[in-house]
Amino acid sequence: MARPACVQVDTAALRHNLQIARRHAPHSQLLAVVKANGYGHGLQQVARSLSAADALGVASLEEALTLREAGIRQPITLLEGFFEADELDAICEQQLSPVIHQPQQLEILEASRLRAPLHVWLKIDSGMHRLGFPPQAAQEAWQRLNALPQICRVRLMSHLACADEPDGEVTRHQLQHFLSATEGMEAERSLANSAALLAWPQTRLDWVRPGLMLYGISPFAEGCGADLGLQPAMTFSTRLIAVRRLRRGDAVGYGGDWVCPEDMPVGIAAAGYGDGYPRHAPSGTPLLVNGRRAQLIGRVSMDMLCIDLRDQPRAAVGDPVTLWGQGLPVETVARAAATIPYELCCRVAPRRAPACT
Ligand SMILES: *Cc1c(COP(=O)(O)O)cnc(C)c1O
């Protein structure tokens with residue numbers, strides 16, 4: 001038996017989730033965000049499954065080139081634009097659309113001779129204060145981009161800081177700032193991530209940019225993807241590689257933090273923080289053994305974790321353990337581990353947790 005930690009990706013779920021996103025924003029074009037290795041699901045596989053999206057969004061030229069080499073022909077947006085001037089040749093050759101979000105990028109464009117016509121996005125900072133031109137600089141940036149002969153199309157975008165708060169004032173303000181900063185500019189506009197697409201209809205505009213929801217995961221602090229009609233795409237699983245009959249008072253794992261309150265069976269599963277399971281998940285974090293709820297106990301090791309098997313005294317070596325996914329929402333595990341599902345999915349280490357066979 002090979003080491004059993006593995007990731008299974010349900011490509012039908014990805015396609016289903018894309019349809020749900022479409023249903024929420026039927027009049028918008030859809031840019032599917034596949035950065036960070038498709039949120040940990042595998043870049044090429046995700047992109048192939050999302051071939052019905054109007055465009056794809058990645059964080060780097062390397063990711064975009066990987067997609068082109070895999071034969072993906074859809075428009076691709078570089079969400080952080082280019083980092084150096086020497087990326088521009090490849091960007092033009094491969095017809096990628098960089099986001100232009102700060103003055104140096106504008107200067108580089110003005111100083112370059114582009115090999116082919118280029119589509120770009122102009123990013124405005126509407127209040128998140130991360131990337132983008134401040135509203136008062138939007139007009140000048142727009143004019144400078146439009147003055148460049150090789151730039152044949154400029155679209156407008158901004159990003160929301162609090163779209164997962166359904167009643168917050170912030171999103172309303174950001175929408176207003178974005179629309180007023182870009183008033184009179186004849187261009188397509190984009191603002192909505194998953195949370196906004198779902199909770200803020202007025203932000204859908206010409207393009208929506210969902211990421212997380214396409215993987216079947218809820219962007220909100222409560223509930224999970226299934227509540228929104230989504231299906232989880234990733235299942236991270238492994239097997240029991242030992243079952244121990246421990247005695248009352250035995251301490252389990254590094255530091256001996258967890259002590260058996262009675263004689264009891266403890267399962268050892270082959271998955272740990274080296275595979276991307278969160279090291280800070282506390283005792284009590286749920287997982288499934290043979291499809292039934294059980295609890296993590298003790299500290300998570302690099303390659304292993306320990307499970308309270310008192311409710312499943314007959315569990316045996318080789319039995320399946322689900323860390324999250326089918327039957328156990330990653331949202332639930334993320335909350336137990338005081339993190340967000342984005343981080344858990346991205347951190348599943350592909351070399352340590354290969355695709356299930
Ligand atoms: C990552 C990202 C998205 C997608 O966000 P989700 O919350 O995963 O839907 C959209 N737009 C930009 C600019 C991003 O960086």
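**Barrel strands and a bound ligand**

L156 stands opposite R189 in strand 8. That pair belongs to a predicted model, where local features need pLDDT of at least 70, side-chain atom pairs count only at pLDDT 80 or more, and totals for chains, interfaces and linings use all residues. Numbering starts from 1 along each chain as its sequence is written, and side-chain values use heavy atoms, with hydrogens and water left out. The big picture here is a closed barrel of eight strands, plus a ligand that the protein covers to 92% of the 390 Å² of accessible area it has on its own (Shrake-Rupley, 1.4 Å probe).

**The barrel**

- Going round the closed barrel, the strand order is 2-3-4-5-6-7-8-9, and the pairing is parallel; strands are DSSP runs of E, at least two residues, numbered from the N terminus, and pairing takes at least two DSSP bridges.
- Strand 3 (residues 55-58) runs parallel to strand 4 (residues 76-78), and three bridges hook them up.
- One residue to look for in strand 4 is T77, the bridge partner of G57.
- Further round, strand 7 (residues 151-157) and strand 8 (residues 189-192) are parallel too, joined by two bridges.
- Strand 8 also has strand 9 (residues 207-208) as a parallel partner, again through two bridges.
- In that pairing, S190 faces W207 of strand 9.

**Around the ligand**

- The ligand has 14 residues around it (a heavy atom within 4 Å), and K35, Y39, S194, L212 and Y342 are the closest.
- K35 makes a polar contact (N or O atoms within 3.5 Å): an N or O atom in its side chain is 2.6 Å from a ligand oxygen.
- R209 also uses its side chain, with a polar atom 2.9 Å from a nitrogen atom of the ligand.
- With G211, it's the backbone that does the job: a polar backbone atom there is 2.8 Å from an oxygen atom of the ligand.

Notes: Helices (H or I, at least four residues) and strands (E, at least two) are DSSP runs, numbered from the N terminus. A polar contact is a pair of N or O atoms within 3.5 Å; within protein, one must be able to donate a hydrogen and the other to accept it, and residues adjacent in sequence count only if both atoms are side-chain atoms.
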